[in-house]
Amino acid sequence: MVGRVAKKGKPFYRGVVVTEDPGPARRRRHGKELEAALLTAGWDELVEAGYARLTMGSIAARARTSEAVLYRRWANKDQLVLAAIEHHRKANPVAVPDTGTLRGDLLAQLTAMSESLAGFFAIAAAAAFSGLLADTGLTPSEARERVMAAQGLPHVRAVYQQAHDRGEIDLERIDPAVLAMPFDLVRHDMLMDLGPLGPERIRTIVDALFLPLVRGHRTDGDAPPPSSS
């Protein structure tokens, strides 16, 4: 995540950074620039104060604007917080590695995903437990889709397309549930532990769980030798 550690008060989640600009107010902001600044302020306030203590007024003060500006875009703090969570996730994408092998790509991407998103998931989970679910009327499943962007994922992840193009896998033979499994497990562990996964756990997901399933969707002649850890 990009930014600096919050200095105003105590951060709600240690290690999560905020993106507040401490400098004086500059030129008047409009359109997407203004909305991005408001959502960034909403995320920073969520990190520093937590969902329960966050208010439209505190976000407006951080963004150096009025509450009326916020209410013209979001009906209440719950809608703003959900939008801020989505904005922060989209603004900090995980890079797609290209190590030359599917195993190497998965190990690299799952590690990067775990390290860069653990704090994000901790904040999002804390907001849910603090009342966000009840206040928005969302079911746990609906909140998961909003926060984790499960429905917003590409039909075929880039690491799999790269492996398909290299001839390592045939995407037409592999069930989408198998392809989703490594990423679903990493997200599950982050939500349960509120922290990044260790290297051994990531290797287990790739080598013991995912790759054997992928080999099961290949012909015997296509099957690669077992990968060493």
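A charge counts as sitting over a ring if NZ of Lys or CZ of Arg is within 6 Å of the ring centre and within 35 degrees of the ring normal. With that in hand, here are the views of this predicted model.

**View 1. A charge over a ring: Arg 157 and Phe 183.** The charged end of Arg 157 lies 3.6 Å from the centre of the Phe 183 ring, over which it sits. Elsewhere, Lys 77 is placed over the face of Tyr 51, and the distance to that ring centre is 4.2 Å.

**View 2. Tyr 160 meets Phe 183 edge-to-face.** A pair of aromatic rings is described by the distance of the centres and the angle of the planes. For Tyr 160 and Phe 183 these are 6.2 Å and 90 degrees. Tyr 160 belongs to helix H7 (residues 158-166) and Phe 183 to helix H8 (residues 176-193), so their pairing ties together parts that are 23 residues apart in sequence. Both residues are buried.

**View 3. A cluster of rings: Tyr 160, Phe 183 and Phe 210.** Two aromatic pairs turn up in a search of the whole structure, and ring pairs join these three residues into a cluster. Follow Phe 210 outwards and, leaving aside residues up to four places away in sequence, you will find that it touches Tyr 160 along with Leu 102, Leu 106, Val 178, Leu 179, Met 181, Pro 182 and Ile 205.

**View 4. The largest nonpolar core, with 52 residues.** Leu 46, Tyr 160 and Phe 210 have the most contacts inside this core. Helices giving two or more residues to the core include H1 (31-49), H4 (77-91), H5 (102-136), H7, H8 and H9. The largest share, 12 residues, is from H5.

**View 5. The chain as a whole: nine helices and zero strands.** Of the 229 residues in the protein chain, 42% are buried. Among contacts between residues at least 6 apart in sequence, 68% join residues at least 24 apart. The accessible surface comes to about 12200 Å², with 54% of it belonging to carbon and sulfur atoms.

**View 6. Where the prediction is more and less confident, by pLDDT.** The chain has an average pLDDT of 79, and 70% of the residues score at least 70. Among the elements, helix H9 (residues 199-215) has the highest mean, 95, and helix H6 (residues 140-148) the lowest, 66. Residues 1-10 have pLDDT below 50, with 28 contacts in the model beyond near neighbours in sequence. Residues 219-223 stay under 50 too, with three contacts beyond four places in sequence. Where pLDDT is low, the predicted coordinates should not be read in detail.

Note on methods. Residues are numbered from 1 along each chain as its sequence is written. This is a predicted model: local features need pLDDT of at least 70, side-chain atom pairs count only at pLDDT 80 or more; totals for chains, interfaces and linings use all residues. Side-chain values use heavy atoms; hydrogens and water are left out. Rings of Phe, Tyr and Trp (its six-membered ring) pair if their centres lie within 6.5 Å; planes under 30 degrees apart count as stacked, over 60 as edge-to-face and the rest as tilted. Helices (H or I, at least four residues) and strands (E, at least two) are DSSP runs, numbered from the N terminus. Buried means under 20% relative accessible area, exposed over 50%, partly exposed in between (1.4 Å probe, protein chains only). pLDDT is the predictor's confidence in each residue, from 0 to 100. Contact means heavy atoms within 4.5 Å. A nonpolar core is a set of buried Ala, Val, Leu, Ile, Met, Phe, Trp, Tyr and Cys residues joined through side-chain atoms within 4.5 Å. Accessible areas come from the Shrake-Rupley method with a 1.4 Å probe; for residues, only the protein chains shown count as cover.
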